[in-house]
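Subject: Structure for you to look at

Hello,

Here is the structure I promised to pass on. Please open it beside this email and follow along.

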Amino acid sequence: YEVDEAFAEVQIYEKAMREGLQFFFPPTELFATINNIKFVRQEKIDSAACDISPAEEKKYVHQSRTASDHICAKIQKCFDKAADGNYTRRLNKTWAKMALVFYGKKAVKSLCSFVIENGINDLHENNIGYKNGRPIILDFSGYNR
């Protein structure tokens, strides 16, 4: 079956807005439909987690030093559950700790449920990143091939 991954992100972003989790995602909207082709507009992020500079990494590690490794392990289990055993992605601990510091445990726990419910199963270092120094998910339609 064919999945329109870009439009799926519009739908997931709209759900995230309804659930108060939109800050984990770049604003994403349907821009236009022309000849049955959907065009999606998504805010550009600053960098993927895999592309941050050593200086940024050092800064983020320092900013997130109070976040718990134990809670990061719980987030990893959540992301593994979203992958449903098909393939697992190693959690970027710095990104997870930044999410805890910026958004809090309650919001991250809600994100974990949201990720599972919506099949966001491909959260590797190319698909998570930062916008204005805050952690963000930049590819959230899931891997379905």
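Start with two helices in contact. From helix 4, Trp95, Ala99, Leu100 and Tyr103 meet Lys105, Ala107, Val108 and Leu111 of helix 5. Sorted by class, this contact has seven nonpolar residues, one charged residue and no polar ones. Keep in mind that the model is predicted.

Now look at the geometry. Helix 4 covers residues 93–103, and helix 5 covers residues 105–117. Their axes lie 7 Å apart and make an angle of about 125°. Angles from 65 to 115 degrees count as roughly perpendicular and those over 145 as roughly antiparallel, so helix 4 and helix 5 are oblique to each other.

Next, the sheet. It is open, with three strands in the order 3-4-5 and antiparallel pairing. Strand 3 (47–48) and strand 5 (134–137) are the edge strands, and each pairs on one side only. Helix 4 packs on this sheet and touches strand 4 and strand 5. The direction of helix 4 makes about 115° with that of strand 5. Two bridges link strand 3 to strand 4 (residues 128–131). Find Ser47: opposite stands Tyr130 in strand 4.

Last, the hairpin. Strand 1 (residues 28–34) and strand 2 (residues 37–42) run antiparallel, joined by six bridges. Which residue in strand 2 is the bridge partner of Leu30? That is Val40. Two residues sit between the strands of this hairpin. Asn35 takes a positive phi there, near 50°.

Best wishes

Definitions and conventions. Residues are numbered from 1 along each chain as its sequence is written. This is a predicted model: local features need pLDDT of at least 70, side-chain atom pairs count only at pLDDT 80 or more; totals for chains, interfaces and linings use all residues. Side-chain values use heavy atoms; hydrogens and water are left out. Two strands pair if DSSP finds at least two bridges between them. Helices (H or I, at least four residues) and strands (E, at least two) are DSSP runs, numbered from the N terminus. Contact means heavy atoms within 4.5 Å. Axes are lines fitted to C-alpha atoms, for helices over the stretch in contact, and angles run from 0 to 180 degrees between N-to-C directions. Angles under 35 degrees count as roughly parallel, over 145 as roughly antiparallel, 65 to 115 as roughly perpendicular and the rest as oblique. Ala, Val, Leu, Ile, Met, Phe, Trp, Tyr, Cys and Pro count as nonpolar, Asp, Glu, Lys and Arg as charged, and the others, Gly among them, as polar.
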